[in-house]
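New to this one? Take a moment to look it over, and then let's walk through some of its parts together.

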Amino acid sequence: MTGSAGRPAPDAAPVSGEGPSATPAVKKGPFLTPVAPGYGGGSLADVLPSALAVLGVPGAVDPLGLAADLPGVRRIAVLLVDGLGWYQIPTAAPYAPTLTGLTAAAGRPLTSGFPSTTPTSLVTLGTGTAPGAHGVLGFNLRVPGTERVLNHIEWVDGDPDPLRWQPVPTQLERARAAGVAVTVVSRPEFGGTGLTLAANRGGDYRGAAGVDALAATTLAALTAGSGPTLVSAYHPDVDRHGHLSGVDSLPWRVAVTEVDGLLARLVDGLPPDAALLVTADHGQLDVPGEHRFDLDTDPRLTDGVRVVAGEPRVRYLHVAPGAAADVAAAWSAVLGAAARVLTREETVDTGWFGPVPAEHLDRIGDVVVICNDTYAVLATRSEPPMVSRLVAFHGADTAAEMTIPLLVVRG
């Protein structure tokens, strides 16, 4: 992807010397157009409810209409490939013939929830609800009543309690209560973490390190019994290498090639009464060095701000009492066309989160900053240094970030 996506506003303070200085901007196109979440019939939240309907779970709805295409299916494996957005599949095509063929024959686009980030999406998939309901409303969230910021990926100590922080029963719990055998297959180190409990409680956890173990463990769980079966599997490496090296970099291509082999093994191993659903949590965009702002080096962006949460593409600003209007005005002036700056109320009113109960509102910033095009807002002093060194990002509402695949394959 090459070309120009524009320049920062004249008074902006993009990061100097940070990030991939030789990384080109992304060409303007439909993939940079904002996309609203398709809750209720075209989103990641609809995948597991539809799978449960296929498996005959009482009361399960089928917003994606899968039951008509999968009569007689009693076993379903759902594979989430982290970072493999719909708009990344054409880029992956030279290295992923199985993925390309499945997309052409059995693929359609869905949307992630908002923000388009891994913790939010994993819990959206697991609960079958929009983010407002489950409360995991971003990568980093301020714990209300404190100045502590919870990183959901590093949530390993059970504080806050995952069952209180994310109170919605999961679709896996619902399936198990109906007699479905439920298994979660993911990296061994993710077992028992706060995010896993928030997203996937209700399933028997099986650790699988690498694509070979993931394929073997998924198929073993899928074929273990004779009754209705649900397996939820997760693969992280496409996202990881996109972040570290960029979309279409050599490491990203290697990761995509490995995913293609994983898909081929899973498809070949499907029993006749089984189906494989392949989806993702979000896409990615490369962010060039000249499109990076640093809030920690610009006093105009820190004045009145007490806590910064979110992530580089979607920032949540928790401000001093009475400072929301001034903070919003300052950020709007500095970022210009690079971002939309909204109040919490305005953001909730867009419907991006779905309905947000009162107990989750304070997890959203008083001011919310959503980056446009290929811009990002870093925090080089207050966040881990590696964040500034990442090449690709996600979280905002462009089509490239929000649009994800659903591939439906029957055994």
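What follows is a tour of some strands, a sheet, a pair of helices and a few single residues.

## A covered strand

Before anything else, keep in mind that this is a predicted model. A good place to start is strand β1, which covers residues 75-81. This strand is mostly covered, with seven of its seven residues buried. Its side chains split between two directions: Arg75, Ala77, Leu79 and Val81 point one way, while Ile76, Val78 and Leu80 point the other way. Whichever way they point, all of them are buried.

Which strands pair with β1? One is β7 (residues 229-235), which runs parallel to β1 and is joined to it by seven bridges. As an example, Arg75 has Thr229 in β7 as its bridge partner. Another is β8 (residues 274-279), also parallel to β1, with six bridges between them. There, Ile76 stands opposite Ala275 of β8.

## His235, in strand β7

Let's stay with β7 for a moment, since His235 lies in that strand. Is His235 buried or exposed? Its relative accessibility is 1%, so His235 counts as buried. Leaving out residues up to four places away in sequence, His235 touches Leu80, Val81 and Asp82, along with Arg187, Val211, Leu214 and Val259. Two of those names should ring a bell: Leu80 and Val81 are also among the residues that point out of β1.

## A four-stranded open sheet

Elsewhere there is an open sheet of four strands, in the order β11-β12-β14-β13, and the pairing is antiparallel. At the edges stand β11 (305-311) and β13 (339-343); each has a single partner strand, so one side of each is left without a neighbour in the sheet. Ignoring direction, neighbouring strands here are turned by 20° against each other on average.

For a closer look at one pair, take β11 and β12 (residues 314-319), which are antiparallel and share six bridges. In that pair, Gly310 has Arg315 of β12 as its bridge partner. The sheet has a helix for company too: α13 (residues 324-335) lies across β11, β12, β13 and β14 (367-371). Against β14, the helix runs at about 15°.

## Two helices packed together

Two packed helices are described by the angle between their axes and the distance between the axes. For helix α3 (residues 97-106) and helix α11 (residues 250-268), the angle is about 60° and the axes are 7 Å apart. That angle makes α3 oblique to α11.

Which residues meet where these helices pack? From α3 come Pro97, Thr98, Leu99 and Leu102, and from α11 come Asp260, Leu263, Ala264 and Val267. Sorted by class, the contact between α3 and α11 has six nonpolar residues, one polar and one charged.

## Two buried residues in helix α1

Helix α1 spans residues 47-54, and Ser50 is found in it. Ser50 is buried, with a relative accessible area of 0%. Not counting residues up to four places away in sequence, Ser50 touches Val61, Asp62, Pro63, Leu64, Gly65 and Leu66. With Asp62 there is also a polar contact of 3.1 Å, side chain to side chain. Ser50 and Ala67 are 17 residues apart along the chain, and their C-alpha atoms are separated by 7.5 Å.

Val47 lies in α1 as well. Here too the relative accessible area is 0%, so Val47 is buried. What does Val47 touch, not counting residues up to four places away in sequence? The list is Leu64, Val78, Leu110, Leu125, Leu277 and Leu406. One of these, Val78, belongs to the residues pointing out of β1. In sequence, Val47 and Ile404 are 357 residues apart, while in space they are 12 Å apart, C-alpha to C-alpha.

## Gln171, in helix α7

The last stop is Gln171, which lies in helix α7 (residues 171-177). With a relative accessible area of 8%, Gln171 is buried. Its side chain reaches the backbone oxygen of Thr127 at 3.1 Å.

Gln171 touches Thr127 and the residues Gly126 and Gly128, again not counting residues up to four places away in sequence. The contacts of Gln171 also include Leu48, Pro49 and Leu52, and these bring us back to α1, which covers residues 47-54.

Key. Residues numbered from 1 in each chain as written. Predicted model: local features only at pLDDT ≥ 70, side-chain atom pairs only at ≥ 80, totals over all residues. Heavy atoms only, no water. Buried < 20%, exposed > 50% of the residue type's maximum accessible area, 1.4 Å probe, protein only. Pairing = 2+ DSSP bridges. Axes fitted to C-alpha atoms, helices over the stretch in contact; angles between N-to-C directions. Contact = heavy atoms within 4.5 Å. Polar contact = N/O pair within 3.5 Å; in protein donor to acceptor, adjacent residues only side chain to side chain. Parallel < 35°, antiparallel > 145°, perpendicular 65-115°, else oblique. Nonpolar A, V, L, I, M, F, W, Y, C, P; charged D, E, K, R; others polar.
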